[in-house]
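The following exercises are to be worked through with the sequence and the coordinates at hand. Each task is followed by a solution in steps.

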Amino acid sequence: MKLKTSFFNRGVIFNDIKRFSWVGVVYLLGLLLTIPMGMLMINSEVENYGYYRENPIKRIFDFETGQSIILIGVIPIILGILLFRYMHVKKSSDMIHSLPIKRGNLYNSHIFVGILLLIIPVVITTIACVILNSTLSYNGYYKDIVYTVDILRWGGITIILSILIFMFTVLVGMITGISAAQGVLTYIFLFLPIGLTGLIVYNTGIFIYGFDGDSYLRGDLFKLSPLSIAPLVPNEDLMSVKAMLIYIVSFVIIYIVSKILYNKRNLESASQSIAFRSFKPIFKYGVTFCTMLLGGLYFAGSRNNIHWVLCWYIIMSVIGYFTAEIIIKKSLRVFKNVKGYCIYAGIIILLLLGMKFDIIGYEKYVPELGKVEGIYLDNSFYRLNDSEEKRLYYDEDNWNSIQQFHKEIINNKDKNLDTDNTNQAVAIAYKLKSGREVRRRYYILKEDYIKYLKPIYESKEYKEINNRIFEANYSDIEKITIRPVENSNKVTSITDQEDIKECLAILKDEISNQKYEDMTDKKVDWADINISLIEDKNKKEDDEDWIEGKYDNSINLRWDKSFVKFEKWLEEKGYIKNSRITPEEIAYATVEIKKDKDDTHIDQYDRYMNHDNKNIKRLDIFDNDKIEICLKNYENEYHRLDSNAKYIIGFYSEDKNNIAYGSFDEDSAPDFIKEFFK
């Protein structure tokens, strides 16, 4: 009894329960309407879900639906504000602290009530879900069922996250003297690790050449906030021994720090923005720094001009600094306090100069090949994250070519930064023998690096990495479908096993012998090719990847116009008719000069192709041989602002309906077109 009396005050506990039990009731109703009611609603529509589809009810307990996360992110914060609101009202604070109750007992009693009101609704909801789960009939319908342990795990995670967010709200309440500020700052601090990291990373990418911020902003970043961790991490991991230790340590730290601050907090701090003088500089310069980064990032995204970014750094940091001063002092008479801002500006200038002159050698660093285990090269790091072992280059010739390519990009830094072309990205990653990974990403004009890229693109290793067709065996293929890009109504299906075998061998041979120039030209492909693999029903039932929707049962590639052998094989086998568009399907083609580089939409070219307009010079082509030449060489670049397209071509049917639009630049245009417009 003495132990209870020394840590808690029974009167405070009963008073809190009497005043704030409605919060627990609201939490309970919200959970019941979200979880058990959600189970009933889904169960009533069970026929709309396929047998092999993941159980939609299980998704509720995996936090994928989001409703429970909203409750977890609202109710504990409201409860934390209400229980300690008396600290932020001077009369209430003076009255409560004048009672013959130790501050420690007050603090412990409020914390006990808060935890109690958060646990009871979750426990009741969990019990209701367990009972409901055992009575519903959907268990026999879905392949993966909801087990009692799934529900219990959900309940445990919900309790833990609710308590942690509640305790964090209490901690923030000790720092500020205004309840509204407590709520706002709680959400800010909960997402601060995510937001601040994102701001720093993206702003760093503005000043450091080759720095790839996206590599640091993958899903792991969102695990830094309890409001975003649940939907991203499997429940088993959230309830692991390691996770439980982290929760316990976090709770103890927050509890102790909050209690220390509560005991040291002055009664006069009620209604003040920041309750402790020592926290005021942290708040002031934190607001200044974040505001500066936010302003620079916003302008960088819309202008991409380093000088304007620096200008906005200055403007936004000044705004942030004096806004923080006004909040702290609750007065507009702060504009004479410039000394602190000058110190801040000096530190930021030194930091930016260090980035500018690359004092750590980040921009020029290229790993020695002797330290390399494998190298990745692509347009982004997306595929590296999915299946690293299949995306790395191990051939030493490719290593040398990639390294020389990388060094040349570094040497051409100024030229590449001046290039207004964000569509040609290059992502390079070195996996070192030490286990470390070096990543760089650049935007370049690939035409300037052909001599480095050509041997890489034409290598066997590159083609096997970038074409899944080399993984296919003809005996695993159900059919091959060819669909012309100009006419979706035409389709060729190859189902004969011997033809599939020959077709697959020819396609592999065409890709293996394809030249860099053909791989990178802008010509419109003849058709889309889909290779459907035979479904393995045993694999579908047992493979977790299939259950999770990750199983890819087809291979897609394009019929490039350089695949001459493939076209000849289609003709010999009688498949050519519906595999590509032919001149016989086109009544005529019309060519005009592209007058306005800013015209980027197809409907704008309809007015160009208006034959009633006699003021526009145009070439009408009726000869099938010339139409075939146009079909083999036309490009799809007319819609791009950075396109070099000079001529626009439209292919038409007998009723003057458009079949396809395209373009030619000066090099790809047939001679008879250039001669006509000469």
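**Exercise 1. Two helices**

At roughly what angle do the axes of helix α2 (residues 10-34) and helix α6 (residues 75-83) cross? Determine also the relative direction of α2 and α6 and the character of the contact of α2 with α6.

*Solution.* The model is a predicted one.

Step 1. The axes of α2 and α6 come within 10 Å, and the crossing angle is roughly 170 degrees.

Step 2. Angles over 145 degrees count as roughly antiparallel; α2 is therefore roughly antiparallel to α6.

Step 3. On the α2 side, Asp16, Phe20, Trp22, Val23, Val26 and Tyr27 take part, and they meet Ile75, Leu79, Leu82 and Leu83 of α6.

Step 4. Sorted by type, the residues of the contact of α2 with α6 comprise 9 nonpolar, no polar and 1 charged.

**Exercise 2. Aromatic pairs**

Describe the aromatic pair of tyrosine 107 and tyrosine 255, and then the pair of tyrosine 341 and tyrosine 344.

*Solution.*

Step 1. The structure contains 29 aromatic pairs. In one of them, tyrosine 107 and tyrosine 255 are 5.4 Å apart, centre to centre, with 50 degrees between the planes, and the pair is tilted.

Step 2. This pair links distant parts of the chain: tyrosine 107 belongs to helix α8 (residues 103-135) and tyrosine 255 to helix α13 (residues 241-264), 148 residues apart.

Step 3. Tyrosine 107 has a relative accessible area of 0% and is therefore buried.

Step 4. The pair of tyrosine 341 and tyrosine 344 is also tilted, at 6.2 Å centre to centre and 40 degrees between the planes. Both tyrosine 341 and tyrosine 344 lie in helix α16, 3 residues apart, which is about one turn of the helix.

Step 5. Tyrosine 341, at 14% relative accessibility, counts as buried; tyrosine 344, with a relative accessible area of 8%, is buried as well.

Step 6. Tyr107 and Tyr255 are also members of one aromatic cluster, together with Phe84, Tyr86, Phe251 and Tyr262.

**Exercise 3. A threonine in a helix**

Is threonine 288 buried or exposed, and which residues does threonine 288 touch beyond four places away in sequence?

*Solution.*

Step 1. Threonine 288 is located in helix α14 (residues 280-303).

Step 2. The relative accessibility of threonine 288 is 0%, so it counts as buried.

Step 3. Leaving out residues up to four places away in sequence, threonine 288 touches Ser317, Gly320, Tyr321 and Tyr344. Tyr344 is the residue that forms an aromatic pair with tyrosine 341.

**Exercise 4. Strand β1 and the loop before it**

Which strands pair with β1, and where do aspartate 358 and valine 366 lie?

*Solution.*

Step 1. β1 pairs with strand β3 (residues 425-432) in the antiparallel sense, over 6 bridges. Isoleucine 375 has tyrosine 430 of β3 as its bridge partner.

Step 2. β1 is joined to strand β2 (residues 392-393) by 2 bridges, again running antiparallel. Here the bridge partner of tyrosine 376 is leucine 392.

Step 3. Because 6 of the 7 residues of β1 are buried, β1 is largely enclosed by the rest of the structure.

Step 4. Valine 366 is in the loop between α16 (339-356) and β1 (372-378). With 16% relative accessibility, valine 366 counts as buried.

Step 5. Valine 366 touches Gln403, His406, Lys407, Ile410 and Tyr430, residues up to four places away in sequence not being counted. From valine 366 to tyrosine 430 the C-alpha to C-alpha separation is 8.9 Å, although they are 64 residues apart in sequence.

Step 6. Aspartate 358 is placed in the loop between α16 and β1, and at 14% relative accessibility it counts as buried. Most residues other than glycine have a negative phi. Aspartate 358, which is not a glycine, has a positive phi of about 50 degrees.

**Exercise 5. A four-stranded sheet**

What is the strand order of the open sheet of 4 strands, and which helix lies across β9, β10, β11 and β12?

*Solution.*

Step 1. The order is β10-β9-β11-β12, with antiparallel pairing. β10 (619-621) and β12 (658-664) are the edge strands, each pairing on one side only. From one strand to the next, the twist averages 20 degrees.

Step 2. Strand β11 (residues 647-652) pairs with β12 over 6 bridges in the antiparallel sense, and isoleucine 649 stands opposite glycine 662 in β12.

Step 3. Helix α29 (residues 624-633) lies across β9 (588-593), β10, β11 and β12, and runs at about 120 degrees to β11.

Key:
Residues numbered from 1 in each chain as written. Predicted model: local features only at pLDDT ≥ 70, side-chain atom pairs only at ≥ 80, totals over all residues. Heavy atoms only, no water. Buried < 20%, exposed > 50% of the residue type's maximum accessible area, 1.4 Å probe, protein only. Contact = heavy atoms within 4.5 Å. Pairing = 2+ DSSP bridges. Axes fitted to C-alpha atoms, helices over the stretch in contact; angles between N-to-C directions. Parallel < 35°, antiparallel > 145°, perpendicular 65-115°, else oblique. Nonpolar A, V, L, I, M, F, W, Y, C, P; charged D, E, K, R; others polar. Phe/Tyr/Trp six-rings, centres within 6.5 Å; stacked < 30°, edge-to-face > 60°.
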